[in-house]
Amino acid sequence: MNKKTIHSKKIIRQINKSISDSEHKLNIDFLKKEKYYNYEIEEWYGEEFAIKGELRKKIIETLLKTYFEWKNELDKLNKEYYLAIWLYNPRMLKSEIVCAIDEKVNYYENESFLASNKNSEFELNQFGLLSNELQKFTWDRKIDLDSVHEWEINFPKEQYESEKEYNKDQKFYNKLIREKFHVVEKDNEKIYFHPKGDVWIVKLK
């Protein structure tokens, strides 16, 4: 059994545990107070690897189950709400369910992601028997972005473990600054964003 298979099985166990511990349940009290709520598949920031097979199936099943459970709860509120699956690709472990009410609805509807100019078609056939269920949804393609803050770019060379590591980062940062894919200024600091893939905003038709 290779390392990726072992890692996948570990993540599946963690997802199952989060479900058995009811971590995926909608917290209505939090939602009413903060006007949003989300459930992430996994807070995982390690080495990226292709998500497929049993793990991919588990992620999709969990997202679908959670979506419909939350929808039932949100319908009882008798008010407008935002509810969507954010399905990241290839960083599928970042995928989550997000809902919002009141003033937060507009933010999630219009300001959460940059639009993608790629083909908007989503290939449902890659999910086997789950494809029929996924056809009940609309799919809106956005850009999955990672950010680099100015303080990271200016991190002192002498605090790096090696000059090689410093040079590697600086090469990446220089490219980031040169390309200016998406730059935001916040609290007197620039934040540089760069694309990591797609994020599909998935909603029931």
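These legends accompany several close-up views of a predicted model.

**View 1. The largest nonpolar core and its best-connected members.** Welcome to the largest nonpolar core, which has 34 residues. Those that touch the most other members are Ile59, Trp70, Ile85, Leu87, Cys99 and Trp139. Two or more residues come from each of α1 (3–20), β1 (36–40), α3 (53–75), β2 (81–89), β3 (96–101), β4 (137–149) and β6 (189–204). Helix α3 gives the largest share of this core, eight residues.

**View 2. The surroundings of Ile59.** Here we zoom in on one of the core residues that touch the most other members, Ile59. Once its neighbours within four places in sequence are set aside, Ile59 is in contact with Ile15, Ile41, Ile51, Met92 and Leu93.

**View 3. A second nonpolar core.** Apart from the largest core lies another one, made of eleven residues. Look for Tyr82, Tyr108, Phe113 and Ile201 among them.

**View 4. The largest pocket and its centre.** If you like volumes, this pocket holds about 600 Å³ of space. Its lining comprises 24 residues, and Tyr107, Ser112, Phe113, Leu145 and Phe193 are those nearest the centre. Phe113 is thus a residue to find in two views: it belongs to the eleven-residue core and also lines this pocket.

**View 5. The make-up of the pocket lining.** At least two lining residues are supplied by each of β2, β3, α4 (104–110), β4, β5 (182–186) and β6. The largest share, six residues, is the contribution of β4. By chemical class, the lining of the largest pocket has twelve nonpolar, five polar and seven charged residues.

Note on methods. Residues are numbered from 1 along each chain as its sequence is written. This is a predicted model: local features need pLDDT of at least 70, side-chain atom pairs count only at pLDDT 80 or more; totals for chains, interfaces and linings use all residues. Side-chain values use heavy atoms; hydrogens and water are left out. A nonpolar core is a set of buried Ala, Val, Leu, Ile, Met, Phe, Trp, Tyr and Cys residues joined through side-chain atoms within 4.5 Å. Buried means under 20% relative accessible area, exposed over 50%, partly exposed in between (1.4 Å probe, protein chains only). Helices (H or I, at least four residues) and strands (E, at least two) are DSSP runs, numbered from the N terminus. Contact means heavy atoms within 4.5 Å. On a 1 Å grid over the protein atoms alone, a cavity is a set of points where a 1.4 Å probe fits but cannot get out, and a pocket is an open set with protein on both sides within 12 Å along at least five of seven lines; lining residues have an atom within 4 Å of a point. Grid points are joined across faces, edges and corners, and a volume is the space filled by probe spheres set on the points. Ala, Val, Leu, Ile, Met, Phe, Trp, Tyr, Cys and Pro count as nonpolar, Asp, Glu, Lys and Arg as charged, and the others, Gly among them, as polar.
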